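Work through the exercises below with the sequence and the structure open. Try each task before reading its solution.

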Amino acid sequence: MDEERLVVCLSSVNYLELWNRQGKNSRVALARTMAEISRYVTLAPLDALVRADFDQKLPVGLKRRDPTSALGIGADHAFDSETGRLRMVESLATDNAEEGPAVAPTADFVQLKRDLPTAVWEWFNLVGGDDSYDLPGIDYRPEHRLGDAFAQDHNAGIKAPVDASETYRQVAGYTLSWMHDEILAEEHLDALRQLASPAAAITFVNSSGPTAAFTELLFRTYKNKAYVFKQHDRSDLLSLSQALPHCDAVWADKHWANTARAAKLDSHFGTRIVSDPESLLDWLDAVKHR
């Protein structure tokens with residue numbers, strides 16, 4: 001944030017969560033406020049931010065992608081995709097089968113997007129279509145399915161009676177597997193394959209701000225044996241891990257805000273973490289009088 005302008009950015013989670021509102025009037029009203037405040041400034045997704053961090057660690061002379069800026073404009077930037085929030089896959093997930101592999105958008109879709117005014121494209125990505133949420137071939141709320149699976153997996157894992165150091169190694173291993181399977185590009189994997197010890201693996205995980213934050217937040221929650229993961233925790237955790245290293249202030253769910261402050265991630269990243277309107281107003285007042 002510079003001295004003259006406060007930038008309020010949207011993340012991919014904001015887009016995804018807004019489509020969870022079935023009531024069209026409510027969704028449209030909130031979307032208008034979000035568009036007005038943010039002007040469609042968006043934060044790059046966590047996976048793109050992590051890849052950008054590891055791009056900087058590639059050996060000199062090795063080809064790198066164009067650098068990813070944390071802040072950009074529009075849904076394409078928020079999802080690091082030319083199809084915005086939309087993902088094309090061979091088949092939707094069912095109770096008995098996982099989602100099919102990604103496919104390229106059709107020529108008709110590409111032409112349709114090219115012909116659309118930018119304002120129309122951005123508004124569609126933010127607010128969605130009408131109330132026809134049961135059209136065949138469209139999964140409007142994949143985050144519910146993914147959130148349920150996340151909660152189920154981690155509620156099972158949290159009960160393991162291990163000490164804190166072993167718990168941290170397990171959580172770092174989970175992050176490392178996630179990075180290998182879903183985040184890192186092929187050119188980054190040579191460094192991952194050369195990891196020779198658990199300590200080296202932990203250093204690798206912590207060498208990118210978002211994955212370091214993700215691992216620490218998950219570890220702290222695992223230590224709380226009474227905590228029960230819920231569907232929304234996946235989105236809350238990913239969103240906070242994404243924003244902490246790149247934003248001056250972030251609004252977080254109360255549990256994750258308290259967990260981040262207990263881990264001193266706010267001081268580590270220089271980010272104010274708030275979870276209520278009063279704290280946000282206090283921070284804004286402090287910024288104004290700097």
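## Exercise 1: a loop with unusual backbone angles

Tyr-40 sits in the loop between H2 and S1. The model is a predicted one.

**Task.** Work out what is unusual about the phi of Tyr-40, and decide whether Tyr-40 is buried or exposed.

**Solution.**
1. Start with the expectation. Most residues other than glycine have a negative phi.
2. Check the residue. Tyr-40 is not a glycine, yet its phi is positive, about 65°.
3. Check the cover. The cut-off for buried is under 20% relative accessible area. Tyr-40 has 16% relative accessibility, so it counts as buried.

**Task.** Do the same for Arg-39: where is it, what is its phi, and is it buried or exposed?

**Solution.**
1. Arg-39 lies in the loop between helix H2 (24–38) and strand S1 (41–43).
2. Its phi is near 55°, which is positive in a residue other than glycine.
3. Exposed means over 50%. Arg-39 reaches 58% relative accessibility, so it counts as exposed.

## Exercise 2: the overall fold

**Task.** Describe the chain: how many helices and strands are there, and what is the radius of gyration?

**Solution.**
1. Count the elements. The chain has 15 helices and 4 strands.
2. Take the extent. The C-alpha trace spans about 55 × 50 × 45 Å along its principal axes.
3. Compare with a globule. For 290 residues, a compact globule would have a radius of gyration near 19 Å; the chain has 20 Å, so the two agree.
4. Look at the contacts. Among those with a separation of 6 or more, 71% join residues 24 or more positions apart.
5. Look at burial. Of the 290 residues, 41% are buried.
6. Look at the surface. The chain exposes about 16,400 Å², and carbon and sulfur atoms supply 52% of that area.
7. Finish with charge. There are 31 positive and 43 negative charges, and their mean positions are 4 Å apart.

## Exercise 3: the nonpolar cores

**Task.** Which residues touch the most other members of the largest nonpolar core? Which element gives the largest share?

**Solution.**
1. The largest core holds 41 residues. Met-179, Leu-184, Leu-218, Phe-229 and Leu-240 touch the most other members.
2. Find the contributors. Elements giving two or more residues include helix H3 (46–55), helix H7 (142–157), helix H8 (164–183), helix H11 (209–223) and helix H12 (233–243).
3. Rank them. H8 gives the largest share, 7 residues.
4. Look for another core. A second, separate one has 14 residues, including Tyr-15, Leu-16, Ala-35 and Ala-75.

## Exercise 4: two covered helices

**Task.** How many residues of H3 and of H12 are buried? Which helices do the buried residues of H3 pack against?

**Solution.**
1. H3 is mostly covered, with 8 of its 10 residues buried.
2. Arg-51 and Asp-55 are among these buried residues, along with Leu-46, Leu-49, Val-50 and Phe-54.
3. Follow the packing. The buried residues of H3 pack against H8, H10, H11 and H12.
4. Turn to H12. It is mostly covered too, with 9 of its 11 residues buried.
5. Its buried set includes Asp-233, Ser-235, Ser-239, Ser-241 and Gln-242, as well as Leu-237, Leu-238 and Leu-240.

## Exercise 5: three residues to place

**Task.** Is Glu-216 buried or exposed, and what is it in contact with?

**Solution.**
1. Glu-216 belongs to helix H11.
2. At 16% relative accessibility, Glu-216 counts as buried.
3. Set aside neighbours within four places in sequence. Glu-216 is then in contact with Tyr-168, Ala-263 and Leu-265.

**Task.** Where is Cys-247, and which residues does it touch?

**Solution.**
1. Cys-247 is in the loop between H12 and strand S3 (249–251).
2. Its relative accessible area is 15%, so Cys-247 is buried.
3. Not counting residues up to four places away in sequence, Cys-247 touches Cys-9, Leu-43 and Thr-271.
4. Phe-269 is 22 residues from Cys-247 along the chain, and their C-alpha atoms are separated by 8.7 Å.

**Task.** Is Gln-152 buried or exposed? How far apart in space are Gln-152 and Phe-229?

**Solution.**
1. Gln-152 lies in helix H7.
2. At 59% relative accessibility, Gln-152 counts as exposed.
3. Gln-152 and Phe-229 are 77 residues apart in sequence but 7.6 Å apart in space, C-alpha to C-alpha.

Technical notes: Residues are numbered from 1 along each chain as its sequence is written. This is a predicted model: local features need pLDDT of at least 70, side-chain atom pairs count only at pLDDT 80 or more; totals for chains, interfaces and linings use all residues. Side-chain values use heavy atoms; hydrogens and water are left out. The radius of gyration is taken over C-alpha atoms; the globule rule is 2.2 Å times the number of residues to the power 0.38. Buried means under 20% relative accessible area, exposed over 50%, partly exposed in between (1.4 Å probe, protein chains only). Contact means heavy atoms within 4.5 Å. Accessible areas come from the Shrake-Rupley method with a 1.4 Å probe; for residues, only the protein chains shown count as cover. Lys and Arg count as positive and Asp and Glu as negative; His and the chain ends are not counted. The place of a charge is taken as NZ of Lys, CZ of Arg, CG of Asp or CD of Glu. A nonpolar core is a set of buried Ala, Val, Leu, Ile, Met, Phe, Trp, Tyr and Cys residues joined through side-chain atoms within 4.5 Å.
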